Amino acid sequence: MPERIENESTRVAKLLDAQAKAVELFDAITERGLIRPGAQEKQVSNEIRDLASEMFGTTKFWHKRIVRSGINTLQPYRENPPNRTIADDDIVFCDFGPIFEQWEADFGRTFVLGEDPIKHRLRDALPTVFDAGRAHFEAHPDITGDQLYARVVELAEEAGWEFGGSIAGHLVGEFPHEKIAGEEIGSYIAPGSDQQMRRDDRSGRRCHWILEIHLVDRRRGIGGFHEELLDL
């Protein structure tokens with residue numbers, strides 16, 4: 001038992017360190033002005049990839065790198081909208097899964113160019129809904145992925161938005177990431193995920209989770225995204 005506790009404390013420290021590096025990376029994205037009018041989404045994605053390599057020596061990402069702007073921000077993760085050029089007054093979100101020393105991070109943030117008050121309100125709502133989702137998770141020790149997804153959808157609607165994703169998060173851990181194919185619904189925060197989230201995985205390690213919030217306004221053709229560790 002002491003060895004397992006030590007191993008788990010190491011896992012927690014590594015996951016938190018990976019996320020801290022992701023925060024540094026996203027801070028640098030802002031400082032260097034990479035999210036800018038006239039740049040294409042794929043161009044910005046490649047620049048962020050190169051920045052991660054420059055800052056941390058990161059060369060691997062455990063999922064596809066996402067930069068989406070304007071109407072593309074309505075699209076959930078699984079979609080692959082056409083490459084778009086960022087406009088002067090766009091809303092833009094980035095979703096990256098860098099691997100730091102074989103530990104996965106998964107981090108998403110939203111940026112607003114220009115002064116559109118609706119886009120700023122959407123961006124500012126994202127962390128508020130995230131925090132409310134985390135508070136609900138913390139208040140319900142036996143919660144399932146299905147139940148948390150349902151509550152997050154309610155929170156989005158209560159805040160005046162539509163929830164744009166078919167999932168609201170997933171397991172995270174050491175690379176290579178455990179396959180979370182459709183039949184492994186218990187690996188997601190999603191409808192039909194009826195296992196308690198606070199559990200050990202098939203290897204006897206504690207499950208750790210990412211919570212992702214995708215809010216959209218389909219009438220205006222805009223969306224935003226916020227993602228980070230849920231349970232740590």
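**Notebook: a pocket and helix H2**

I checked which element gives the most to the lining of the second largest pocket, and H2 does, with 4 residues. Helices here are DSSP runs of H or I with at least four residues, strands are E runs of at least two, and both are numbered from the N terminus. This is a predicted model, where local features need pLDDT of at least 70, side-chain atom pairs count only at pLDDT 80 or more, and totals for chains, interfaces and linings use all residues. Residues are numbered from 1 along each chain as its sequence is written, and side-chain values use heavy atoms, with hydrogens and water left out.

Next I looked at the lining itself. It has 14 residues, with Lys42, Arg65, Ile66, Val67 and Pro81 nearest the pocket's centre. Helix H2 (41-56) and strand E1 (66-69) are the elements that give two or more residues to it. For "pocket" I noted: on a 1 Å grid over the protein atoms alone, an open set of points where a 1.4 Å probe fits, with protein on both sides within 12 Å along at least five of seven lines; lining residues have an atom within 4 Å of a point.

Then I turned to H2. Which of its residues are buried? I found Glu41, Val44, Ser45, Ile48, Leu51 and Ala52 (buried is under 20% relative accessible area, exposed over 50%, with a 1.4 Å probe and protein chains only). Down the helix axis they fall within an arc of 120° (taken from the directions from the axis to the C-beta atoms), so they line one face of H2. Exposed Lys42 and Glu54 sit on the face turned away from that buried side.

Last, I saw that Gly57, just after H2, takes a positive phi of about 75°.
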